[in-house]
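Hi everyone, thanks for coming. Please have a look at the structure on the screen, and then we'll walk through a few parts of it together.

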Amino acid sequence: MASLVCKGLIGILRGSQGNAALKSLFNFKRTLSIPPLNTPSRDAEVDGLYFGNKESQKIYEIRTYTVRPKDYKEYIKFTEDNFHLRIKHSKLFGFWSTELGALNEIVHIWEYDNHDHRAKVRQALATDAEWQSNYISKVAPMWMSQTNATMMLLPWSIITLPSKSGVYELQIFNMNSHTDIWDGRLKAAMELSSLKLKSSNSVLIACFTSIFGPHNTVYALWQHESFDKFAFGRLQLLSETNKSVLHAFYHE
């Protein structure tokens with residue numbers, strides 16, 4: 001298991017309820033083996049959930065950059081001063097820098113109408129002389145690596161915007177198969193986690209699954225009031241006597 005904590009740079013969630021600044025981000029990575037249900041799901045049922053009427057659903061791109069340690073401070077300041085050149089092209093969901101765990105990483109999430117919309121934005125960025133000369137040409141030598149993936153909201157997940165500041169956690173689950181994502185057990189586990197962590201003022205902002213990028217991957221974005229309250233809430237969650245669902249998410 002790996003974990004990281006991030007600070008928000010621009011970090012804005014936008015939606016009908018207004019804006020909220022993202023302050024920080026955890027990242028947990030696990031390979032999951034979910035306990036079986038009493039009634040096994042069929043692939044046809046799973047495929048129906050996945051492909052049914054999803055053509056118009058928005059997509060989200062998560063991009064992760066690792067910055068050279070010697071350039072990190074300069075990169076942060078330069079990005080704060082110049083990232084408006086990127087934001088004018090498409091909607092920024094959130095932007096963070098790591099604090100603990102995988103250090104010197106930058107994570108951002110973008111919202112698009114669909115993959116065609118994303119392709120048009122990327123083409124516009126490639127031909128935007130100001131963006132290329134005033135930002136990309138300056139920061140590209142500071143990068144050590146880049147990764148990205150596109151995601152969609154799971155059918156049962158809605159975006160819940162935070163109403164106050166706090167710390168943020170991004171859980172990344174590498175599922176054994178696509179069946180584990182769509183057959184209801186994941187939904188039950190996340191709902192139970194959300195219910196139990198509510199007393200610690202934790203909120204599940206959104207739950208995504210990968211489209212292009214790592215296969216069978218789930219991204220759950222949370223907000224917590226503080227690191228200590230989140231840690232205490234998770235300990236309470238793990239102390240529950242009935243762990244049949246939670247075992248999938250909190251086993252070592």
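Let me start with a question: in which helix do Lys-77 and Asp-81 lie, and how many residues apart are they? Both sit in helix H2, and they are four residues apart, which is about one turn of the helix. Please keep in mind that what you see is a predicted model. In this model, the side chains of Lys-77 and Asp-81 meet in a salt bridge, with 2.5 Å from N to O. Are these two buried or partly exposed? Lys-77 is partly exposed, with a relative accessible area of 47%, and Asp-81 is partly exposed too, at 42%.

That is one salt bridge, and the structure holds 11 of them. Let's look at another, between Arg-63 and Glu-61, where the closest N and O atoms are 2.6 Å apart. Here the surroundings change. Arg-63 counts as buried because its relative accessible area is 9%, and the cut-off for buried is under 20%. Glu-61 is buried as well, at 0% relative accessibility.

Now, where are we? Arg-63 and Glu-61 both point one way from strand E5, together with Ile-59, Tyr-65 and Val-67. Tyr-60, Ile-62, Thr-64 and Thr-66 point the other way. How many residues of E5 are buried? Nine of its nine, along residues 59-67.

Let's see what lies alongside this strand. E5 pairs with strand E7, residues 105-112, in the antiparallel sense over eight bridges. E5 also runs antiparallel to strand E8, residues 143-153, and eight bridges join those two. If you want to find these pairings on the screen, look for Tyr-60, whose bridge partner in E7 is Glu-111, and for Val-67, whose bridge partner in E8 is Trp-143.

Let's stay with Glu-111 for a moment. Glu-111 is in strand E7, and it is buried, with a relative accessible area of 10%. Which residues does it touch, leaving aside its neighbours within four places in sequence? They are Lys-58, Ile-59, Tyr-60 and Lys-91. With Lys-91, the contact includes a salt bridge between the side chains, at 3.6 Å from N to O. Lys-91 lies in strand E6 and Glu-111 in strand E7, so this pair ties together parts that are 20 residues apart in sequence. Unlike buried Glu-111, Lys-91 is partly exposed, at 30%. And there is more to this spot: salt bridges that share partners join Lys-58, Lys-91, Glu-111 and Asp-113 into one network.

Finally, the nonpolar side. In soluble globular proteins, nonpolar side chains tend to be buried together. In our model, the largest nonpolar core has 21 residues. Among those with the most contacts inside it are Val-67 and Trp-143, and you'll also find Tyr-75, Phe-83 and Tyr-135. Several elements give two or more residues to this core, including E5, E7 and helix H2. Which one gives the most? That is H5, with four residues. Tyr-135 makes a good landmark here: apart from its neighbours within four places in sequence, it is in contact with Tyr-75, Phe-78, Thr-79, Asn-82, Phe-83 and Glu-130. There is also a second, separate core of 17 residues, which includes Phe-93, Val-107, Phe-208 and Leu-221.

So that's our tour. Thanks for listening, and I'm happy to go back to any part of it!

Notes
Residues are numbered from 1 along each chain as its sequence is written. This is a predicted model: local features need pLDDT of at least 70, side-chain atom pairs count only at pLDDT 80 or more; totals for chains, interfaces and linings use all residues. Side-chain values use heavy atoms; hydrogens and water are left out. Buried means under 20% relative accessible area, exposed over 50%, partly exposed in between (1.4 Å probe, protein chains only). Two strands pair if DSSP finds at least two bridges between them. Contact means heavy atoms within 4.5 Å. A nonpolar core is a set of buried Ala, Val, Leu, Ile, Met, Phe, Trp, Tyr and Cys residues joined through side-chain atoms within 4.5 Å. A salt bridge is a side-chain nitrogen of Lys or Arg within 4 Å of a carboxyl oxygen of Asp or Glu.
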